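Q: Please take a close look at the nonpolar core of this protein, and set it in the context of the whole chain.

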Amino acid sequence: MNAQNRIQELMSRFVAQIEMGAAMSRTDLNKAAETILIPLLNEVYGWGLENINYSEDNPNYPGIDLGDEAAKISIQITATHTLDKVKHTLEQFTKQSQYLKYNRLIIYILKKKQDSYSETAIQKVIQNKFNFDSRKDIWDYRDILKEVSNFQIGRLLRVQKILEANFGEDQKLTPLLANNLEQRTDWRETCQQLLNHWKGLTTNSLMKPHGVRFQLNEIFVPLGVVERQEKPKHRSNDGASAAQGSELYEEKITPISQNDFFEQVLRQQQSKYSQGKCIAIIGEPGAGKTTQLQKIGDWILEETDGIPIWIPLAEVGTRKLREYLLGDWLQTAIHELEVSPEHRDELGQLLKTGKVWLLLDGVDEMAISDALYQIATQMCEGWLQNVRVVLTCRLNVWDAGKNALDDFDVYRNLDFEYPTEVHQLIDKWFATEPALQQKLKAALEQPGKERIRDMVKNPLRLTLLCYSWQLQQGELPETKAGLYEWFVDMFYKWDKGKVPIKLSAAKREELNCALGELAKEAIDQESSRFRLRERFINRFLGAADDEDSLFYLARQLGWLNCVGVAQENPLENVYAFFHPTFQEYFAAFVIDDWDYFLPSEHIDNPVGNQEYRIFEPQWREVILLWLGKSPGDNHLKKLKEQFFSNLLCFQDNCGGFYSFKAYFLAAEGLKEFVDYSISKFEEVISEVCKYAFGYFDNETQKWCSFLKPASQEARKTIEYSLGIKQTGECLLKLLNVCPDSYTRWYIAKTLKNMGITSNEIELIFCSGIKRRLPPHVAKYANWIAEKVKVANDDSLSIKVGEQEISPSLPNDKLDVLNDVLHMGMGTNDLIQLIQISDEWLLVLKTADLLQAKTEKCQLIEIINALKSYLFVLKNHLSDQLETKHFRYEYIYEIIWYCAQNISYPDFYQAWHDPISSSDVALSTNNGGVDS
């Protein structure tokens, strides 16, 4: 048989196998054919096609599967030959503007294409944006056979060799297709096993030697939804401060039941931003984020046909998710040292089915400084097109970078309610010891125990309290650090014969100090703060297999647990503290002086090369635990007082952004520093309330408010970090003296959120707010109202009372605007745009992009370009911008964002760098430099 005839026979087998797979309802097998077509098409046409579904550099969108960037050729592979399928492919190709990258689109039909397709219907879809001829650009196997008919024998034999490898006599089925048709990986079973591996509750790894274990459902945490108002975040103004109106769009916490979350958000995909596809679960340390994610994994397996892939992000390191998934994760899943191309392809096909959920645990534990931004950039990659994502993140890390993932729906873990849910867990814990139940409840109800009652609403801390109480009853601690200290002490002292190792007091102290030095050094690393390689631990604790070493002892006790192997060396183990909060506690344990967090020599500019850890998010919890340490002697109390004084009076000499950060950190620490002066305590609370809601200026005889980022941060501090009693009293006083109805409404709202209410508060809250929109916003609101009237479409309704307006309705101006912002504009282009545009919506969207899509390395550029606009500010008061162009508000928000995401020394340097002549000219023309 000559080569021509043999190639024709082999191509016929190829088509027959595709048809057989389709007949067996295995339509996903059609995608497996892509792997066969790549070498075949490359040989026949001389292209360099790649499977762009998995390419890191070329994100896939619906519409194309293979691409050659050099030849500018793209190909969609499909077994469906209908006109509707062709139109759908063209729609996706057009929608994603892929014609800008590829000059030609070819649709390859794996079976047999139709005799003809309607050119009118096709042209209606593509609207002359690119060339597509159904007679030349829709192919099937006959087009390949026609092409090879004129080949010389050498090329024919190379084509035949490719086909023989897949469809020759000894290949009843191509290996890839056979793999799919016969013994495929049971992905649900595999993922369930991996989920169970990680699903041991946080406390179980330390408590199981004592016979204490709990099932997931027994300490499951209810959810609260963080409902973010849609853009634009603008305001009304009837003579009050310029920044107040935008506060109408602050985040709100709306309780949602466990059942509603799983049914409405997860099953029915009823969420505001992503339709249930992209979910973030945020919360404080120990709030049950990981437990919540594990519960979601169980629900997926029990209630759906979905496949949950659990990824501990600390394991990912600096790699991309795709690299980790197709490498380490797949290697673990299939129990093989090497991952075959067939397994990668099988997983790749699985990711396209729409059944996969990626459960990403611990964004805050990733080995990169801008983790949220890095995840956001990967969310656009094509292999995630049909994948649902749920991630967890600590609250402070999320708040610093949440703009990067503004298309995620965000859910914040609520604390346990006291006493109802707190008592429920106590009852379950001491189910066989009712006397201990009652004693612990009574101890919590003692006068003066308000702090501990508030503290144990956190699931992890309540678990530690129950555990410690079971070992030995005594005086309850008043701070988080005190609770951890009590837990550690009880753990070592328990003498009921169940602790695997008994230690002297000296040995305990030696181990705690070594663990503290290890923890401190790890947290200070740029990467891998919570996943510690064995050789790194050796420097502090000795050899792991030396029974006399502290490393061996820490492993036996459960302080350190093996969680995998090193990426760089599979023969080296990687360890982690049994919970990140204990790593932070041990670090705080060995820090003697506050100078470690804030250089004691600081006056109003960075000190040499010293670290300002007070502004680094990974040190926040360590600082709070340090403030809560038992005084021991008067010296530590004096050190804490000095630290507090320096935080409250911190001068940054670069706009005051870091002064706010230092003050709010001090306010957050009030709960932990129980020995702080009562009068000073009240003074700090009063100041935070002033930042949040403003104050009456006797000189100007008007109510003054702070700009939105500062006031929002203050309100968050009030709601989540300060004691309810003292703060409530301060807010009630403020409510009585505030003449501004707008501010009174927000004070009433905050009091209600804190559980404080009265007839007056209810009356103020229910009355709502009525304010006028400023002209540059009103013109968009009027346009939208007119569109609603014309369209008679309820979905376009505008709530005048709450002033919710939508900038995303289709019209020529908004289409152009969106095109401009999605054409790959660089940071410099966006900076210039926000300085010259008088279109409010364009300025707003540009500001959002600069915050959400800018890498850390580019923040310095932003500061240098925009800082001159803010030199007019003295005290961050909103009235200082009332007479300025509306762009000033957004420039302030952008600079505030920069301050949250780069170090104080870097920001200081940028703030004091000379302004370029071009920046001076541009900002002067737009009123930026104070004359």
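A: The answer below turns to the core after a short overview.

This is a predicted model, in which local features need pLDDT of at least 70 and side-chain atom pairs count only at pLDDT 80 or more, while totals for chains, interfaces and linings use all residues. Residues are numbered from 1 along each chain as its sequence is written, and side-chain values use heavy atoms, leaving out hydrogens and water.

The protein contains 42 helices and 17 strands, taken as DSSP runs (helices H or I, at least four residues; strands E, at least two) numbered from the N terminus. Of its 931 residues, 55% are buried, that is, under 20% relative accessible area with a 1.4 Å probe, protein chains only.

A nonpolar core is here a set of buried Ala, Val, Leu, Ile, Met, Phe, Trp, Tyr and Cys residues joined through side-chain atoms within 4.5 Å. The largest such core has 159 residues, and W559 and F907 touch the most other members. Helix α40 (residues 887–901) supplies the largest share of this core, with 10 residues. Leaving aside residues up to four places away in sequence, F907 touches C654, F657, Y658, I863, I895, C898, A899 and I902, where contact means heavy atoms within 4.5 Å. Apart from this core lies another, of 46 residues, with W329, L347, A371 and V389 among them. In soluble globular proteins, nonpolar side chains tend to be buried together.

Across the protein, 72% of the contacts with a separation of 6 or more are between residues 24 or more positions apart.

Note on methods:
Buried < 20%, exposed > 50% of the residue type's maximum accessible area, 1.4 Å probe, protein only.
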